[in-house]
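Hello,

Here is the structure I said I would pass on. My notes on one part of it follow below.

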Amino acid sequence: MQEQGPGSDKDASAELARERVHTAILELSGEVGYRAVTLEQLLDRSGVDAKEFHRRFRDLDVCFGSAYEEQAEALCREMLGAARRAGEWRAGTRAALEVVLRFVGERPAIGKALVREVHVAGGTALAKHEEVLDRLAHAVGSGCEPPVSDLETVPRAPSFIVGAVEGVIAGHLDRGEPEDLLEVGDELMYLIVASFLGRDEV
C-alpha cells in the first residue's frame with residue numbers, strides 16, 4: 001500500500017471546501033438571485049469559514065465565475081460525451097438533451113444559476129456561458145447530415161436552435177416546473193429536427 005504524502009489530507013480537505021463553496025454559490029444564486037447572495041449566506045450554506053473563503057476567492061464575483069466555469073464545463077463535456085456514445089445524429093442529440101434536462105430537473109437551483117443568473121453576473125461566467133453554447137451549437141450543426149453552418153438562414157442556425165432550447169429550459173425554471181423538463185424532450189427534438197432537416201423528416 002502506497003503511503004500518502006504529508007499534504008494529501010490537507011489537499012483533499014481544501015478541495016472539498018472549494019467544492020462546497022462552488023455548490024453553495026450556484027444554489028444560492030438560483031434560489032435568491034445572484035445579486036442577493038451575501039457572504040454570510042454562502043459561508044453558512046457551505047460550512048466554510050471566512051478565512052478559508054478569502055484564501056481562495058477575492059470576492060463573490062470571482063467565486064461565482066469560478067463555480068460557473070467548472071460546472072458549465074462539466075455539464076458540456078457530459079452532454080458531448082453522451083452524444084458521441086450514442087453515435088447517430090438524432091440519437092446523439094437526444095442523449096445530450098436528456099443529460100441537460102435531467103440535470104436541471106434534479107438540481108433546479110443550479111440550473112437557474114446556469115441559464116438565468118449568469119446574465120446578471122456577467123464577466124468570466126458569461127464568457128464561459130457563450131463559449132459553451134457555441135460548442136454545443138457547433139456539435140449539433142456539424143453532426144447533422146448534411147452539416148449545417150451558422151452562416152445558414154437564421155431560423156436554421158445551430159446557435160439559434162441551441163438558444164431556443166435554453167429558453168424552454170429557462171421558462172420551465174421561471175415557472176417553478178423543473179420536474180416537467182424530461183417530458184418536453186419530444187417537443188424539443190421536434191424543434192431541432194424540423195429546424196435542421198425539415199418537418200417531413202420529423
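In this predicted model, helix α6 (residues 108–121) and helix α7 (residues 123–143) cross at roughly 135 degrees, and their axes come within 7 Å. An angle of 65 to 115 degrees would count as roughly perpendicular and one over 145 as roughly antiparallel, so α6 and α7 are oblique to each other. Their crossing is left-handed.

The contact between the two helices is made by Leu-114, Val-118, His-119 and Ala-121 on the α6 side, and by Gly-123, Ala-125, Leu-126 and His-129 on the α7 side. Sorted by class, this contact has five nonpolar and three polar residues, and no charged ones.

Some further points on α6. The helix bends by about 45 degrees at Val-115, and Val-115 is one of its buried residues. The others are Ala-109, Ile-110, Gly-111, Ala-113, Leu-114, Glu-117, Val-118 and Ala-121. Leu-114, Val-118 and Ala-121 are thus listed as buried and also meet α7. Just after α6 comes Gly-122, with a positive phi of about 65 degrees.

In α7, I looked at Leu-133. Is Leu-133 buried or partly exposed? Its relative accessibility is 22%, and buried means under 20%, so Leu-133 counts as partly exposed. Apart from neighbours within four places in sequence, Leu-133 is in contact with Val-162 and Glu-166. Val-162 is 29 residues away from Leu-133 in sequence, yet the C-alpha to C-alpha separation is 6.9 Å.

Regards

Terms used: Residues numbered from 1 in each chain as written. Predicted model: local features only at pLDDT ≥ 70, side-chain atom pairs only at ≥ 80, totals over all residues. Heavy atoms only, no water. Axes fitted to C-alpha atoms, helices over the stretch in contact; angles between N-to-C directions. Helix = DSSP H or I, 4+ residues; strand = E, 2+ residues; numbered from the N terminus. Parallel < 35°, antiparallel > 145°, perpendicular 65-115°, else oblique. Left-handed = near helix turned anticlockwise from the far one by under 90°. Contact = heavy atoms within 4.5 Å. Nonpolar A, V, L, I, M, F, W, Y, C, P; charged D, E, K, R; others polar. Bend = angle between axes of the 7 residues up to and from the residue. Buried < 20%, exposed > 50% of the residue type's maximum accessible area, 1.4 Å probe, protein only.
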